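Biologist: Could you take me through the helix packing here? I'd like to hear the reasoning behind each label, not just the label.

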Amino acid sequence: MNFELLFQLLLNGLIVGTLYGVVAMCFVLIYKSTQIVNFAQGEFLLIGAWVCYAFLVEMQMPFWLGFLFTLLFMMAFGIVLQMVVLRPMIGEPIISVIMVTIGLSIFFQAATKWIFGATTATYPQVFSERSINLFGMQIETAYIMSFVISLVIMAAFYWFFKYSKLGLAMRATAFDQQVAQSLGISVKTVFAMSWAISALVSGVAGIVIGMVNGVSSALSVIGIKVFPAVILGGLDSIIGAIVGGVIIGLLENTAEFVDGQYLHWGNLFSIAPFYVLIIILCIKPYGLFGTKDIERI
Amino acid sequence: MAGFSMRPCGDFRTTYRQDTRIFDTTFVRNAAILGVIATALIPFVLDGYYVNLFIQISYFAIAALGLNILVGFTGQISLGHAAFFGFGAFASAWINNTTGIPVLLSIPLAGLMTAAVGLLFGLPAARIKGLYLAIATLAAQFILEDFFARADWFTGGSYGAAANPVNVFGYEVLDDFSFFYVCLFFLVVMYLLGTNLMRTRDGRAFVAVRDHYLSAEIMGINLTKYRLMSFAISSFYAGVGGAMYGHYLGFVSAEGFTILLSIQFLGMIIIGGLGSVKGTLMGTVFMVLLPEVMENGVGLLSVFEWANSTAVTDGLAYIKEMAIGLAIILFLIFEPDGLAHRWQQIRAYWKLYPFSY
């Protein structure tokens with residue numbers, strides 16, 4: 001047994017898993033506050049990464065400025081998307097809501113391919129050192145940065161929902177829309193803001209992953225990988241999203257290890273999360289932390 | 001969706017039998033029969049391009065009808081229809097290649113095999129519904145796609161599988177011209193079966209499960225049984241459609257059945273109208289013709305400077321994909337009941353003209 005490889009893979013799994021966790025958190029944020037399942041989450045990552053790329057490479061901005069502009073763009077993008085496409089969908093049956101986001105997903109995927117091309121592009125080098133030595137392991141600087149950024153985002157989420165006024169308003173809306181509205185919370189603003197925050201944070205995740213792996217349409221696959229994570233953690237639990245993301249990340253890399261060392265099947269790591277997904281749905285559909293729906297007649 | 005029908009004055013229904021007829025009025029029945037006859041004449045009048053389009057429409061329409069039975073009539077969401085479509089294609093080729101059963105028989109047999117697989121993946125549906133089911137079928141899509149690439153004995157792995165042409169009583173159907181009639185036959189049979197299904201107890205049970213599953217259960221409808229049954233029937237249709245696709249192309253490769261095709265199937269039934277058999281056909285026609293019309297549209301626009309730019313000509317594939325997404329979004333926002341509903345309104349307008357109230 002190759003312990004060094006296993007350890008390296010598990011470390012990768014942890015880092016990738018926290019990123020999954022961040023994206024899953026954005027997904028849960030939208031689901032919790034607006035009851036919409038966003039199949040276009042992966043495209044948020046894609047758009048964020050490409051827009052940042054355009055600012056940095058084509059307009060030659062310094063990194064911090066391009067990054068800031070990307071954040072602003074993603075925020076506006078989320079708000080506009082909610083207002084134009086998702087607002088007419090309020091109160092429609094679940095199939096319509098799902099299909100709208102799927103429609104958005106294929107639209108933006110094709111649009112980014114059309115505008116930016118289908119080939120992988122790499123960001124200019126941000127760090128001077130490519131990799132650093134930590135406890136005898138070679139770890140890419142970008143990986144460390146992505147891990148740190150993920151933790152910062154999670155801490156920011158925690159602060160936002162615990163202490164900020166808007167965050168509290170969003171939690172109230174998620175709890176009960178009518179009560180929230182009667183207490184003077186603008187539900188429309190809350191809906192728009194949850195899409196804006198989700199788009200923004202997903203955009204950041206997209207940039208981070210783009211720095212590590214390069215920007216290509218493969219980024220949107222993360223939007224699909226999010227589903228095992230959120231189902232595992234529970235669809236309406238933010239903590240669950242993070243835990244689910246980390247578990248799926250670790251699972252993927254463990255599957256890769258088992259596959260590479262013993263089974264030699266090929267792409268087991270990309271398909272293993274979906275087997276897990278089916279199993280969870282069969283035995284514990286509400287996940288680890290999700291609230292169980294109780295139906296009354 | 002049936003709700004309100006345009007009936008001539010004085011034409012009343014006096015028995016339940018009349019109320020559940022397939023065709024609402026004699027006129028509609030005659031129009032449908034004439035429509036089939038007119039379609040049968042297509043190969044004599046129009047050239048090969050249109051015959052090919054019709055063949056595409058027919059196998060997609062059969063699979064889409066299956067999806068509509070599942071989504072539109074039973075209210076279960078499936079994001080993995082393309083995988084079942086693909087399974088049907090591989091199954092038919094496999095049955096025909098290994099056992100020598102004639103293709104015409106192996107197509108329905110492939111449908112049955114796909115129905116069994118559909119049952120397997122429908123099992124979670126016994127416990128979950130709505131969104132959770134959508135995600136479970138999404139997983140089914142990826143698992144089956146992986147299976148296609150892996151199962152060499154069944155699909156030929158990454159090389160794909162060869163599918164023999166249809167053989168009717170010793171006569172090999174090799175060209176589009178004859179295959180057109182095979183398609184027409186299957187299309188008519190499958191659509192009649194589908195329409196009939198909705199008139200039976202089972203069909204009504206599906207609709208009851210969709211409309212209010214708790215009430216349906218209280219009225220003595222076995223939810224698990226009907227949900228699974230709906231999955232099986234939908235997969236059967238997908239399998240038959242897929243088998244026809246396979247035998248038409250003569251070659252099945254694992255790459256063709258991606259999630260994009262699943263989304264296209266869903267797009268067909270949403271654009272056509274959920275819970276409408278006629279709408280399914282309309283939606284399929286729309287979805288198949290959309291890229292073709294765009295292709296020709298760009299050809300017509302080539303008199304303009306911008307239409308000849310590389311951005312348009314090279315990106316046409318992406319523009320087509322964008323159009324599919326856009327069509328789904330626009331229909332959901334502006335016409336959620338689909339083309340079938342629009343058609344009703346157009347009919348009502350002319351019927352009641354000029355006093356439309």
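Biologist: In this predicted model, why are α6(B) and α12(B) called oblique to each other?

Modeller: Look at the angle. The axes of α6 (residues 103-122) and α12 (residues 223-249) of chain B cross at roughly 140° and come within 6 Å. Roughly antiparallel needs an angle over 145 degrees, and roughly perpendicular covers 65 to 115. A value of roughly 140° fits neither, so the pair counts as oblique.

Biologist: Which hand does the crossing of α6(B) and α12(B) have, and what classes of residue make up the contact?

Modeller: The crossing is right-handed. As for the contact between α6(B) and α12(B), there are 17 nonpolar residues, 8 polar and 1 charged.

Biologist: And what makes α9(B) roughly antiparallel to α12(B)?

Modeller: Again, the angle settles it. The axes of α9 (residues 176-197) of chain B and α12(B) cross at roughly 180°, and anything over 145 counts as roughly antiparallel. So α9(B) gets that label against α12(B). Their axes come within 12 Å.

Biologist: Which residues make that contact?

Modeller: From α9(B) you have B:F179, B:C183, B:F186 and B:M190, and from α12(B) B:Y237, B:V240, B:M244 and B:Y248. By class that gives 8 nonpolar, no polar and no charged residues. Tyr and Cys count as nonpolar here.

Biologist: Over to chain A. Why is α2(A) described as oblique to α3(A)?

Modeller: The axes of α2 (residues 41-58) and α3 (residues 63-86) of chain A come within 9 Å and cross at roughly 140°. With over 145 needed for roughly antiparallel, α2(A) is oblique to α3(A). The crossing is right-handed. Contact residues include A:G48, A:V51 and A:F55 of α2(A) and A:G66, A:T70 and A:F73 of α3(A).

Biologist: How do the residues of the contact of α2(A) with α3(A) divide by class?

Modeller: Into 11 nonpolar, 3 polar and no charged. Gly is counted among the polar ones, and both A:G48 and A:G66 take part.

Biologist: How do you know that the span of α10(A) agrees with what a helix should give?

Modeller: Helix α10 (residues 238-263) of chain A has 26 residues, which at 1.5 Å a residue should span 38 Å; the end C-alpha atoms are 35 Å apart, so the two agree. Just after α10(A), A:H264 takes a positive phi of about 55°.

Biologist: What about the span of α1(A)?

Modeller: Its 32 residues (3-34) reach 45 Å from first C-alpha to last, close to the expected 46 Å. A:Q35, just after α1(A), has a positive phi of about 60°.

Biologist: Which stretches of chain A does UniProt annotate as "transmembrane region", and how helical are they in the model?

Modeller: The unreviewed entry lists several, among them 36-56 and 63-85. Residues 36-56 of chain A are 76% helix and 0% strand, with end C-alpha atoms 33 Å apart. Residues 63-85 of chain A are 100% helix, and their end C-alpha atoms lie 32 Å apart.

Biologist: Finally, what does chain B use to touch chain A?

Modeller: 34 residues of chain B are in contact with 31 of chain A. Helices α7 (130-150), α13 (259-272) and α16 (316-334) of chain B each supply at least two residues of that side. The chain B side divides into 28 nonpolar, 3 polar and 3 charged residues.

Terms used:
Residues are numbered from 1 along each chain as its sequence is written. Chains are lettered from A and ligands numbered from 1 in the order in which they are written. This is a predicted model: local features need pLDDT of at least 70, side-chain atom pairs count only at pLDDT 80 or more; totals for chains, interfaces and linings use all residues. Axes are lines fitted to C-alpha atoms, for helices over the stretch in contact, and angles run from 0 to 180 degrees between N-to-C directions. Helices (H or I, at least four residues) and strands (E, at least two) are DSSP runs, numbered from the N terminus. A crossing is left-handed if the near helix is turned anticlockwise from the far one by less than a right angle, and right-handed if clockwise. Two residues are in contact if their C-beta atoms, placed from the backbone, lie within 7 Å. UniProt positions are given in the numbering used here, feature names are shortened, and annotations may be inferred rather than shown by experiment. The expected span of a helix is 1.5 Å times one less than its number of residues. Angles under 35 degrees count as roughly parallel, over 145 as roughly antiparallel, 65 to 115 as roughly perpendicular and the rest as oblique.
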